[in-house]
Structure formats: C-alpha cells, structure tokens
Amino acid sequence: MGKQTEGGYVPRERRRNPARSAKWWWRKLHGHYTSLVALAVRGVLAIHSIIALWVVVSLRGNPTYWALLACNLPLVIESLYSIFWRSGRESKWFCPCFVAFLVAELPSIWLMELNRLHSFADAYESGNVTGLWTFLG
C-alpha cells in the first residue's frame with residue numbers, strides 16, 4: 001500500500017521523490033553553477049578572439065597570422081586556474097580573464113585598423129572621393 005511514517009500514512013502522490021524535486025537539482029547544480037558560468041564567459045571571449053583573428057587572416061590574405069592564436073594561451077591558463085583551483089569564483093576588484101582577453105584581442109584589432117588605414121590612404125591617393133566617404137561615415 002502506502003508508506004508508513006511516524007506521523008501516519010502518507011499517500012503515494014504526496015511523497016517527495018528527491019530525483020524529481022527542483023530543490024534537489026538546484027542543490028546538486030549550485031556547486032557547479034559558478035564554474036559553468038566562468039567557463040561560458042571564457043568560451044565567449046575565446047570565440048570572439050578567434051573570429052577577430054579570422055577576419056584579419058581574410059583581410060590580409062596571409063595564413064601566417066594564425067600564429068597569433070598563441071596570444072590566447074594566457075586566456076586558457078587563466079581559465080584553467082579560475083575553474084579548477086578557484087572553483088569558478090572571480091576576484092572581487094580585478095578580473096584577469098579580461099586582461100588575458102585584451103592580450104589576445106588587441107593585436108587583431110590593431111591589424112584590422114592598419115588595414116583600414118592603408119585602404120583609406122589608397123583611396124585618398126587615387127582621388128576617389130566616394131571611397132573616402134565610406135571610411136569617414
């Protein structure tokens with residue numbers, strides 16, 4: 001029949017199943033929540049850096065720029081440190097993952113701006129006024 005407890009009989013439909021309880025799942029996942037969020041943030045930053053580098057390679061037409069992927073190494077090291085040793089907890093006043101992201105991202109942004117500068121100079125020297133407005137606007 002039903003389960004007998006100290007307080008008396010508890011009908012089957014009123015018994016709690018810990019495997020289906022929302023609180024049980026929340027307690028189980030809560031310990032890993034900060035690690036999952038930290039991993040997601042660092043994943044988005046790494047993907048952004050890789051996309052920016054892909055744009056540089058396509059603009060410049062030189063596949064040797066893929067070597068700049070090595071600039072993502074500080075981001076990977078910081079990710080491993082933050083997720084495994086600090087359990088996903090961030091520092092209060094300083095966020096080293098964004099410093100590592102800037103180290104990985106700034107060379108790509110710099111190369112894209114240099115490409116834009118060279119295109120602007122070419123348009124200026126050729127006297128193409130409409131080409132200049134596309135860079136200024």
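Read from its beginning to its end, the chain runs through its elements in the order β-β-α-α-α-α, which comes to 4 helices and 2 strands. The model is a predicted one, and everything described below should be read with that in mind. Of the 137 residues in the chain, 21% count as buried, and the accessible surface comes to about 10600 Å², with 67% of that surface belonging to carbon and sulfur atoms. If we take the contacts between residues at least 6 apart in sequence, 57% of them join residues that are at least 24 apart.

A good place to begin a closer look is helix α2, which covers residues 73–85 and therefore has 13 residues. At 1.5 Å a residue, a helix of this kind should span 18 Å, and the C-alpha atoms at its two ends are 17 Å apart, which agrees with the expectation. Which residues of α2 are buried? They are L75, E78, S79, S82 and I83, and because these residues cover an arc of only 120 degrees around the axis, they are placed on the same side of the helix. On the other side of α2 we find L73, I77, F84 and W85, which are exposed.

The exposed residues of this helix also lead us to a feature of the surface. A nonpolar patch of about 800 Å² is made there by L73, V76, I77, L80, Y81, F84 and W85. To take one of these residues as an example, F84 lies in helix α2 and has a relative accessible area of 60%, and since exposed means over 50%, F84 counts as exposed.

If we return to the buried side of α2, we meet E78, which counts as buried at 10% relative accessibility. What does the side chain of E78 meet in a salt bridge? Its partner is the side chain of R42, with a distance of 2.9 Å from N to O. Because R42 lies in helix α1 whereas E78 lies in helix α2, the pair ties together parts of the chain that are 36 residues apart in sequence. R42 is itself buried, with a relative accessible area of 3%.

R42 has a second partner, for E90 also forms a salt bridge with R42, and here the closest N and O atoms are 2.8 Å apart. E90 belongs to the loop between α2 and α3 (96–126) while R42 belongs to helix α1, so this pair ties together parts that are 48 residues apart in sequence. Unlike the buried R42, E90 is partly exposed, with a relative accessible area of 36%. A search of the whole structure finds 2 salt bridges, and R42, E78 and E90 are linked in a network of such bridges.

The stretch of chain that comes after α2 deserves a short visit of its own. The helix is followed by S87, which has a positive phi, near 55 degrees. In the loop between α2 and α3 we also find G88, and this glycine is buried, with a relative accessible area of 8%. Which residues does G88 contact, once its neighbours within four places in sequence are left aside? They are T34, S35, A38, S82 and I83, and two of these names, S82 and I83, have already appeared among the buried residues of α2. With A38 in particular, G88 shows how the chain brings separated positions together, for the two are 50 residues apart along the chain and yet their C-alpha atoms are separated by 5.4 Å.

The loop on the other end of α2 offers a comparable case. Y65 is found in the loop between α1 (22–60) and α2, and when residues up to four places away in sequence are not counted, Y65 touches L53, V56, V57, R60 and L111. Y65 and S108 are 43 residues apart in sequence, and their C-alpha atoms are 9.1 Å apart in space.

How values were computed
Residues numbered from 1 in each chain as written. Predicted model: local features only at pLDDT ≥ 70, side-chain atom pairs only at ≥ 80, totals over all residues. Heavy atoms only, no water. Expected span 1.5 Å × (residues − 1). Buried < 20%, exposed > 50% of the residue type's maximum accessible area, 1.4 Å probe, protein only. Arc of directions from axis to C-beta. Patch = residues over 30% accessible without salt bridge, like charges linked within 9 Å, V, L, I, M, F, W, Y side chains within 5 Å. Areas by Shrake-Rupley, 256 points an atom, 1.4 Å probe, with all protein chains shown as cover. Salt bridge = Lys/Arg side-chain N within 4 Å of Asp/Glu carboxyl O. Contact = heavy atoms within 4.5 Å.
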